[in-house]
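Grab a pencil and work through these short exercises. Try each one before you read its solution.

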Amino acid sequence: KKNKEQDEKRGYDYVFEDQIAFVVDEQIKGTNVSDSSSSSDSDSDSQREKTRRRRRRNKTTQEKIDDENDPDSKALRGELGARKKIEADRRSLPIYPYRDDLIKAVEDHQTIVIVGETGSGKTTQIPQYMWEAGFAKEEGVRIGCTQPRRVAAMSVATRVADEVGCKLGNEIGYSIRFEDCTSDKTKVKYMTDGMLLREFLGEPDLKSYSVMMVDEAHERTLHTDVLFGLVKDIARFRPEIKLLISSATLDAEKFSEYFDFAPIFRIPGRRYPVDILYTKQPEADYMDAVVVSVLQIHAQEPKGDILVFCTGQEEIEALEETLNTRVKQSQSTNDDEDGGRSKRLAELVVCPIYASLPTDLQQKIFEPAPEKGRKCVLATNIAETSLTIDGIKYVIDPGFCKQKSYNPRSGMESLVVTPTSQASAMQRAGRAGRTSAGKCYRLYTAWSFQNELDPNTVPEIQRTNLGNVVLMLKSLGINDLMHFDFMDPPPAETLLRALEQLYALGALNDRGELTKLGRRMAEFPLDPMLSKTLIASDKYKCVDEVATVCAMLSCGNTIFYRPKEKQLLADHAHKAFHVGDVGDHLALMNVFNSWQDCDYSTQWCFENFVQHRTMKQARDIRDQLVKMLERVEIDLSSDRNAVDNIKKCITSGFFYHCAKLQRNGSYRTVKNPQTVSIHPSSGLAKELPKWVVYFELVFTSKEYMRQCIEIQPKWLVEIAPHYYQSREIDIDGDAQKQKRTPA
Ligand code: CDP
Ligand code: MG
C-alpha cells in the first residue's frame with residue numbers, strides 16, 4: 001500500500017523511446033489520380049461571390065449588417081460570425097485544396113478509393129462536395145455515407161447540418177438502427193453500415209443513391225465487409241452510381257485491387273510530431289496506471305487535452321469517477337497539510353464517449369476545455385479513427401480493446417478484452433498530433449509493442465457469428481455464400497455453423513433455403529435469436545410482453561445505475577424487480593411495465609435508480625418493434641402473468657444458449673460443453689437454478705452469462721426437438737441411466 005502511494009507521488013517512469021515525426025508527405029501529394037488543376041481557389045471563390053452579389057436585388061445581407069438601424073443587423077452579425085467561422089474551418093481542412101480534383105476524379109471514374117489521415121475532412125466534407133457538385137440534383141436522389149458506428153453517424157451528421165446551416169433531418173440526416181432522422185428533403189444521409197445493409201432488403205439496387213461512400217473502410221467491420229461485395233455487384237449493373245471507398249490507413253492497395261483496381265486518391269495529411277513513450281516495466285494494473293498518468297500529465301505538462309483509450313463503458317465510468325474524485329481531493333487539500341508537496345490540480349473536465357452514451361451527452365466531447373483547465377476524453381475505440389476531437393495533445397494508450405471473438409466449433413461468441421494491433425496503436429498515437437506536437441503514452445513496454453502485438457487487427461468477419469448476415473444475404477436471394485465475393489472470406493466452419501444455427505432456428509430448410517419463418521425473421525433488425533423469440537411469442541400469446549423484453553435487451557447494459565454513495569439503496573430498488581426470482585429478462589420487463597404504469601415518469605426512474613434516457617430509448621424501440629410486428633401480421637396479444645410462456649418464447653430463440661448447473665457451482669453449456677458462470681449482476685447469481693438460458697456471454701475474469709432465466713429442461717425437447725433429444729438433457733436423471741444400460 002505504502003509503495004503504491006509513493007509510486008503515485010513519484011509518478012510513473014517513462015522511457016523516452018523514439019520520436020515519430022509526422023510531416024506533410026510531399027511524395028504522396030504527387031500521386032493523386034487527377035492532375036491538380038491550377039485554378040486558384042480564391043479566384044474562383046471571389047468570382048462566385050460576385051455572381052452571388054449580382055443576383056441579389058434587395059438590400060444585401062452585408063448592407064443590412066452595415067446598417068446599424070436595420071432590425072436584423074445585430075442577429076445577422078452574430079450569425080454571420082458563426083457562419084464565417086464555419087466556412088473558415090471548412091477551408092482550413094487538409095482536404096479542401098483537393099476539392100475540385102476530387103470532384104473531377106469522381107466524375108471520371110465510377111469507383112475510387114480515397115485515403116487520408118483521420119481529421120483531414122473525408123467524412124464531413126466529401127459528401128458535401130458531391131452534393132455541391134450536383135450529384136443529388138434530381139428529386140429523390142441522395143448521397144449516402146456509411147459509418148461503422150452509430151455515434152459517429154449521428155455526430156458527423158450533426159456537425160454537417162451545422163456546417164450547411166440546416167436542421168438535422170432536413171437536407172442532412174442520419175439513419176441508425178431504431179432511429180431514422182431523415183426526410184424527403186434529405187440529400188446527404190449518414191448511416192451505419194448495418195442500416196445500409198438493411199436498405200438492400202427494400203431497395204436491392206440502391207436506386208435512390210447517386211453516390212455511396214463506404215467510409216472507414218479500414219475498420220473492416222462485418223457489415224462493411226459484406227457491403228463491399230454488394231456495392232461492387234451493384235456498380236456492375238448501375239454504371240451511373242459512384243462508389244467512394246474511404247479509409248484512414250495508407251494500405252489502400254488492397255481495397256483498390258478488390259474493386260477491380262480502382263484509382264486511389266490520396267489526401268496528404270498534416271500532422272505534427274508525436275513523441276511515443278513507453279513504460280519501463282509492464283504495468284500490472286492498467287486502470288491504475290491510467291489514473292496516475294492522467295494526473296501526472298495534468299499536473300506537469302503544458303496546456304492541451306488528454307485522450308484515453310478504454311475498452312468499454314464500465315471502464316470509462318470507473319475512470320470518470322476516480323479521476324473526478326482525485327481532482328476534487330487535490331483541490332480541497334490544504335497546502336500546509338503536506339508541506340505544500342502536492343499541488344492543487346486545475347479543473348479537469350472528464351468527458352466520456354462510447355456507443356451507448358445518450359446523444360445529448362455525446363456532443364460534450366467537442367466543447368472546448370475551460371480556460372485554465374484541461375479536458376480529458378475517455379473514449380472507446382471510436383476515437384481511433386471515427387471521431388476527430390480537436391485540441392488533443394496527449395494520448396494515453398493502455399494497449400487494449402474489447403473485441404468480439406467467436407469459436408465456430410463451440411458456437412460461442414463473446415466479448416473479450418484483447419491487446420490492440422500495432423496498426424491500431426499507430427492510429428491512436430496519431431490522435432495526439434493533429435493540431436500541434438503531441439505525446440503518446442503507451443502503458444506497455446517497447447518490447448511488448450514489437451513482439452507481442454499483432455501487426456493488424458483481424459477483420460471482424462473472421463471472428464464473429466455470421467447468423468445475422470447469412471440470414472440477410474439469403475433474404476437478398478444470395479444463396480451460394482461459399483462463393484460470395486468477400487474481400488477476406490470468413491472461415492468455412494463459421495459459415496457452416498451459421499447455416500446450421502439458422503436451420504436449428506427454423507429460418508432455413510434442409511436445402512439451405514429461406515423458410516417463411518426465416519423471411520419473417522429477416523424483417524426485424526435484430527439478431528436471429530431475438531427475432532425468433534419475438535415471432536414465437538405469437539404462438540404463446542404474449543407478444544406485447546416479449547416485445548418489451550426484446551426492446552429492453554436491445555438497449556445495452558445501461559438500464560440500471562448504481563451511484564457509489566447509494567449502492568445499497570440502488571441494489572435494494574433493483575432487487576424489487578426480481579419478483580419471485582423469475583430471471584433477468586422478466587425483471588427487465590417488470591422495470592418497463594412499472595415505468596409504463598407510472599405514465600413513463602422521470603421521477604419514478606429517479607427513485608428506482610433506473611436510467612430515464614435508456615427507458616425512453618427502450619420505449620422507442622418497442623414502438624418500432626410493434627409496428628414491424630404489424631407488418632408481418634402478428635397481433636399484439638398480451639398476458640402479463642404468463643411467466644412460463646414468456647420464458648418459453650425466450651427458449652425458442654435461445655435454446656442454443658443453454659447451460660446446466662454442475663456440482664461445483666459453475667455451469668456447463670449443454671451442447672459443446674464449456675464452463676461458464678452467471679454474471680454477478682444477474683438476479684439469479686445467488687439462486688443458481690439447475691437449468692438456465694442466457695442472453696450473452698462476456699469474458700472478463702472468466703466466461704460470464706449475462707441476463708439469465710431459469711427454464712425447465714423438458715421445454716428444450718418440446719421447443720427444439722430437432723436440436724435436443726431427451727437423453728441428452730437428462731430430464732430427471734432417468735434418461736441418463738437408460739442410456740448406460742446396454743441394449
Ligand atoms: O473523416 P476524417 O477523419 O477525414 O475527418 P472529419 O471527421 O470529416 O473531420 C473534419 C473536421 O471536422 C475535424 O476538424 C473535426 O474536429 C471536425 N468535426 C467536428 O467538429 N465535429 C464533429 N462531430 C465531427 C467533425
Ligand atoms: Mg472520418
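A residue is buried if 20 or more other C-beta atoms lie within 10 Å of its own, exposed if 12 or fewer, and partly exposed in between, with C-beta atoms placed from the backbone. This is a predicted model, where local features need pLDDT of at least 70 and side-chain atom pairs count only at pLDDT 80 or more, while totals for chains, interfaces and linings use all residues. Residues are numbered from 1 along each chain as its sequence is written, and chains are lettered from A and ligands numbered from 1 in the order in which they are written.

**Exercise 1.** Work out why Thr224 counts as buried.

*Solution.* Start by locating Thr224: it is found in helix H10, residues 222–237 (helices are DSSP runs of H or I, at least four residues, numbered from the N terminus). Next, count: Thr224 has 27 C-beta neighbours inside 10 Å, so it is buried. Then look at its contacts (C-beta atoms within 7 Å): beyond four places in sequence, Thr224 touches residues including Thr146, Asp193 and Val214.

**Exercise 2.** Check whether the length of helix H12 agrees with its expected span.

*Solution.* The expected span is 1.5 Å times one less than the number of residues. H12 has 15 residues (286–300), so it should span 21 Å. Its end C-alpha atoms are 20 Å apart, which agrees.

**Exercise 3.** Find how confident the predictor is in residues 47–57.

*Solution.* Use pLDDT, the predictor's confidence in each residue, from 0 to 100. The protein averages 85, but residues 47–57 stay under 50. Where pLDDT is low, don't read the predicted coordinates in detail.

Methods: Helices (H or I, at least four residues) and strands (E, at least two) are DSSP runs, numbered from the N terminus. Two residues are in contact if their C-beta atoms, placed from the backbone, lie within 7 Å.
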